[in-house]
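Here is a short report on selected features of one protein chain. It covers salt bridges, strand pairing and internal space.

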Amino acid sequence: MGELATHGAAYNVVGRSRAELERFVSGLGVPKYRARQIMAWVYNRGVTEFSAMTDLPAASRELLAERASIGAAEVVARRRSRDGTVKLLLRFPDGAGVECVAMVYAGERSTCVSTQVGCRFGCAFCASGQGGFTRDLTVAEMVEQVLRLGDTRRLVLMGTGEPLDNYTASLGLLRFMASPDGPRLSYRRMTVSTCGLIPGIDRLAQEEIPVTLAVSLHAANDEVRDRLMPVNRRYPLRALLAAADRYAEATGRRVTYEWALIAGVNDGPEQARELAGIMRGRLSHVNLINLNPVEGYAFQPAHPARAAAFRRILEGLGVTVTTRRPLGRDVDAACGQLRRRSPAPHRR
């Protein structure tokens with residue numbers, strides 16, 4: 001997809017349901033069935049200008065170009081990593097900014113979107129909480145991140161913010177992405193990451209949508225997890241694991257447990273054995289991530305030899321484990337490096 005058209009305060013068609021769009025076009029005197037055509041152009045063909053929608057009458061295209069927009073955000077910055085990862089900084093009309101990322105892994109293009117401007121949970125190794133929390137993003141603002149980054153085969157809610165803290169909009173995004181009127185992405189190609197909000201996990205388990213749940217774990221006991229992730233003091237480890245088990249049982253989907261290897265904190269053989277112990281008997285998969293450094297934070301990634309030894313211990317104890325290849329690290333686009341942004345005014 002190319003650069004999206006933006007027109008200030010015009011009616012933004014991105015992220016609208018078909019019923020909403022039908023009401024809008026009908027109000028313009030355009031037959032409501034044109035809404036379906038507009039959505040097909042945007043989500044199936046990647047068209048970013050009404051003028052390119054050739055099966056609409058010229059008069060309708062001109063009217064839509066005057067009264068509506070395809071997207072509302074401005075691309076303030078675009079960075080491309082040596083490995084091909086692309087990171088965008090978007091600014092919405094109220095001045096709020098977020099980052100989003102497109103990456104290619106194992107031959108598939110994945111899109112990582114933010115769900116909030118900032119984050120209120122303050123994990124000790126993650127850049128997203130720097131500067132605190134500003135507001136939730138809307139469904140339209142999340143859909144626009146996907147469109148700005150272009151064609152995707154996988155969607156991960158792992159950018160700035162906690163998806164389950166913005167539950168209604170995050171669920172709306174998932175449903176829209178799978179909708180016949182949207183990009184029609186399979187739920188099985190979507191992942192929701194959480195720091196451990198148990199009520200949200202239980203709600204998601206009952207939605208009957210088979211998305212992958214990714215739990216940011218990073219410690220196998222409450223003492224260490226309390227230090228790394230303050231949310232653990234409210235939702236401690238045993239209760240979190242029980243909620244993840246309920247999710248696996250309700251959906252039939254194995255839960256992914258994310259573990260950022262931090263030098264001298266959670267990268268030793270004793271921590272590996274402890275992790276293997278709590279994974280025993282669970283429908284689970286451990287995803288190891290060698291910590292991506294964040295400016296201003298003291299934590300450092302594990303030495304490669306310790307990271308390799310950690311994985312060997314897990315495998316030897318029967319844990320299903322993979323190691324995530326760091327993508328976009330040189331442009332601060334890797335896991336844990338996205339942050340809250342309040343971009344300065346930018347002249348297009």
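## Salt bridges, strands and a cavity

Asp-267 is buried, with a relative accessible area of 3%. The model is a predicted one. The side chain of Asp-267 meets that of Arg-306 in a salt bridge, at 2.9 Å from N to O. Asp-267 sits in the loop between S12 and H9, while Arg-306 belongs to helix H10 (residues 304-316), so the pair ties together parts 39 residues apart in sequence. Arg-306 counts as partly exposed, at 38% relative accessibility. The cut-off for buried is under 20%, so Asp-267 falls on one side of it and Arg-306 does not.

Salt bridges that share partners also form a network. Asp-94, Arg-135 and Glu-141 are joined in this way. The count for the structure comes to 16 salt bridges. Three of the pairs are set out here.

| Acidic partner | Basic partner | N to O distance |
|---|---|---|
| Glu-99 | Lys-87 | 3.3 Å |
| Glu-258 | Arg-324 | 2.9 Å |
| Asp-267 | Arg-306 | 2.9 Å |

Take the pair of Glu-99 and Lys-87, whose side chains meet in a salt bridge. This pair links distant parts of the chain: Glu-99 lies in strand S5 (residues 97-105) and Lys-87 in strand S4 (residues 86-91), twelve residues apart. Are the partners buried or exposed? Glu-99 is buried, with a relative accessible area of 2%. Lys-87 is buried too, at 4%.

Next come Glu-258 and Arg-324, again joined by a side-chain salt bridge. Glu-258 lies in strand S12 and Arg-324 in the segment after S14. The two residues are 66 apart, and the pair links distant parts of the chain. Glu-258 is buried, with a relative accessible area of 4%. Arg-324 counts as partly exposed, at 22% relative accessibility.

## Strand S13 and its partners

Strand S13 (residues 284-290) is mostly covered. Six of its seven residues are buried. Which strands pair with S13? One is S12 (residues 255-261), in the parallel sense, over seven bridges. Within this pairing, Trp-259 stands opposite Leu-288 in S13. The chain passes from S12 through helix H9 (residues 269-279) to S13. This β-α-β crossover is right-handed.

S13 also pairs with strand S14 (residues 321-323). That pairing is parallel as well, over three bridges. Here Val-286 stands opposite Val-321 in S14.

The salt bridges above touch this region. Glu-258 is in S12, and its partner Arg-324 is in the segment after S14. Asp-267 is in the loop between S12 and H9.

## The cavity

How many cavities of 30 Å³ or more does the structure hold? It holds one. The largest cavity has a volume of about 30 Å³. Its lining is made up of Leu-157, Leu-164, Tyr-167, Ser-170, Leu-171, Leu-174, Val-192 and Leu-204. Helix H5 (residues 167-178) gives the largest share of this lining, with four residues. By class, the lining residues divide into seven nonpolar, one polar and no charged.

Definitions and conventions. Residues numbered from 1 in each chain as written. Predicted model: local features only at pLDDT ≥ 70, side-chain atom pairs only at ≥ 80, totals over all residues. Heavy atoms only, no water. 1 Å grid on protein atoms, 1.4 Å probe; cavity = no way out; pocket = protein on both sides within 12 Å on 5 of 7 lines; lining within 4 Å. Points joined across faces, edges and corners; volume = space filled by probe spheres on them. Nonpolar A, V, L, I, M, F, W, Y, C, P; charged D, E, K, R; others polar. Buried < 20%, exposed > 50% of the residue type's maximum accessible area, 1.4 Å probe, protein only. Pairing = 2+ DSSP bridges. Right-handed = clockwise from strand over helix to strand, strands pointing away. Salt bridge = Lys/Arg side-chain N within 4 Å of Asp/Glu carboxyl O.
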